[in-house]
Amino acid sequence: HLHWVTRIQQALRNNMFILYCQLIRPVAPATRDYHFEVLLRLQEEDGSIIPPDKFIPPAEQFNLMPIIDRWVIDCTFASLSSAGFAGTRGEGVVSINLSGQTLADPELSGYIFDNAEKYRIAPDCICFEITETSAIRDINNAGLIFRQLRSRGFRLSLDDFGTGLSTFSYLKDMPVDYLKIDGSFVRTILDDRITSAMVESINHVGHVMGLETIAEYVENDALAQQLKHIGVDHLQGYAIAKPVDLQEYLSGLRTAESACTG
């Protein structure tokens, strides 16, 4: 892990982190032009790509996540602005993950607001994701950050939902827009009646509260069809789309948009 700390610091200095993204597909006809999650990767000098499960744990251990999260926010906003996206209310949703450590940063909201203004990003187009366990672990800071972001029009999502011991009781106090159902449940709904019932319950409670639900780790068509039957609103996973380079994805979106309008 100490070795990784040096590599992470070097990556931040030399701009070796790169952004990928993965499509989040609505089950019903879309009212927005796009919806995807931004993902972080580390690129080696030889061009090889290192997945986040290699560098995120040491980054968390040595409290480097707030710096990394700020880099992701700035780079995402800059990329969207440069490509001409996320400047108009209602055009799409771009999800950005925030670590639990970052929630303790009292200047986080101000940093986000300043960068949104700098890059002329419509807050309605940005959704910040935080895992349920992180939110519960620091419920006061999470609630404060969530309220500050919502006051400016940003969207919010609880990731890995369903893993907490008091899931539904905490949900009542969280001003979120999306529930992302934990992938450990989603993957087994075809073979396990209990996890299938849990997914149905989470989906139902979310809808009662006026929230949209997202199922992650949708890895095959059979899962996708069952989740549609349950009534989940959005699907994400390899059966829907694999992660791709963010710049390439935005370029493809721009080409498709030009073809539709031209």
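**Exercise 1. State whether Val186 is buried or exposed, and describe its surroundings.**

Step 1. Val186 has a relative accessibility of 0%, so Val186 counts as buried. The cut-off for buried is under 20% relative accessible area. The model used here and in the other exercises is a predicted one.

Step 2. Val186 belongs to helix H8, which covers residues 183-186.

Step 3. Leaving out residues up to four places away in sequence, Val186 touches Ile181, Val199, Ala215, Glu216, Tyr217, Val218, Leu223 and Leu227.

Step 4. From Val186 to Asp233 the C-alpha distance is 14 Å, and the two are 47 residues apart in sequence.

**Exercise 2. Find where Gln236 lies and which residues it contacts.**

Step 1. Gln236 sits in the loop between strand E10 (234-235) and strand E11 (244-245).

Step 2. The relative accessible area of Gln236 is 2%, and Gln236 is buried.

Step 3. Neighbours within four places in sequence are set aside. The contacts of Gln236 are then Gln22, Leu23, Ile24, Glu37, Lys180, Ile214, Ala215, Glu216, Tyr217 and Val218.

Step 4. Two of these contacts, Glu37 and Lys180, form a salt bridge with an N to O distance of 2.7 Å. Glu37 is in strand E3 and Lys180 in strand E8 (residues 178-181), so this pair links parts of the chain 143 residues apart. Both Glu37 and Lys180 are buried.

**Exercise 3. Work out which parts of the chain are joined by the salt bridge of Glu44 and Arg7.**

Step 1. Side chains of opposite charge can pair when their charged atoms come close.

Step 2. In the bridge between Glu44 and Arg7, the closest N and O atoms are 2.3 Å apart. The cut-off for a salt bridge is 4 Å.

Step 3. Arg7 is in helix H1 (residues 2-14), while Glu44 is in the loop between strand E3 (34-43) and strand E4 (49-50), so the bridge ties together parts 37 residues apart in sequence.

Step 4. With a relative accessible area of 27%, Glu44 is partly exposed.

Step 5. A search of the whole structure gives nine salt bridges. Arg32, Arg89, Asp124 and Arg155 are linked in a network of such bridges.

**Exercise 4. Compare the burial of Asp105 and Arg70, and locate the salt bridge between them.**

Step 1. The side chains of Asp105 and Arg70 meet in a salt bridge of 2.9 Å, N to O.

Step 2. Asp105 is in the loop between strand E5 (92-97) and helix H4 (108-119), and Arg70 is in helix H3 (residues 65-83), so the bridge ties together parts 35 residues apart in sequence.

Step 3. Asp105 has 15% relative accessibility and counts as buried, whereas Arg70, at 23%, is partly exposed.

Step 4. Asp105 is also touched by Ile145. Ile145 lies in helix H6 (residues 139-151) and is buried at 3% relative accessibility. Besides Asp105, Ile145 touches Leu103, Leu108 and Ser109, not counting residues up to four places away in sequence.

Step 5. Between Ile145 and Arg70 there are 15 Å in space, C-alpha to C-alpha, and 75 residues in sequence.

**Exercise 5. Describe how H3 packs against H4.**

Step 1. Two packed helices are described by the angle between their axes and the distance between the axes.

Step 2. The axes of H3 and H4 come within 10 Å and cross at roughly 15°. Angles under 35 degrees count as roughly parallel, and H3 and H4 are therefore roughly parallel to each other.

Step 3. The crossing is right-handed.

Step 4. On the H3 side the contact involves Arg70, Ile73, Asp74, Phe77, Ala78 and Ser81; on the H4 side it involves Leu108, Tyr111, Ile112, Asn115, Ala116, Lys118 and Tyr119. Sorted by type, the residues are eight nonpolar, two polar and three charged.

**Exercise 6. List the buried residues of helix H2 and the elements that cover them.**

Step 1. In helix H2 (residues 52-61), Phe55, Ile56, Pro58 and Ala59 are buried.

Step 2. The cover over these buried residues includes H1, strand E1 (17-23), E3, E4 and H3.

Step 3. Asn63 follows H2 and has a positive phi, near 55°.

**Exercise 7. Give the phi values and the exposure of Asn15 and Asp160.**

Step 1. Asn15, in the loop between H1 and E1, has a positive phi near 60°. At 54% relative accessibility, Asn15 counts as exposed.

Step 2. Asp160, in strand E7 (residues 155-161), has a positive phi near 50°. At 23% relative accessibility, Asp160 counts as partly exposed.

Key:
Residues are numbered from 1 along each chain as its sequence is written. This is a predicted model: local features need pLDDT of at least 70, side-chain atom pairs count only at pLDDT 80 or more; totals for chains, interfaces and linings use all residues. Side-chain values use heavy atoms; hydrogens and water are left out. Helices (H or I, at least four residues) and strands (E, at least two) are DSSP runs, numbered from the N terminus. Buried means under 20% relative accessible area, exposed over 50%, partly exposed in between (1.4 Å probe, protein chains only). Axes are lines fitted to C-alpha atoms, for helices over the stretch in contact, and angles run from 0 to 180 degrees between N-to-C directions. Angles under 35 degrees count as roughly parallel, over 145 as roughly antiparallel, 65 to 115 as roughly perpendicular and the rest as oblique. A crossing is left-handed if the near helix is turned anticlockwise from the far one by less than a right angle, and right-handed if clockwise. Contact means heavy atoms within 4.5 Å. Ala, Val, Leu, Ile, Met, Phe, Trp, Tyr, Cys and Pro count as nonpolar, Asp, Glu, Lys and Arg as charged, and the others, Gly among them, as polar.
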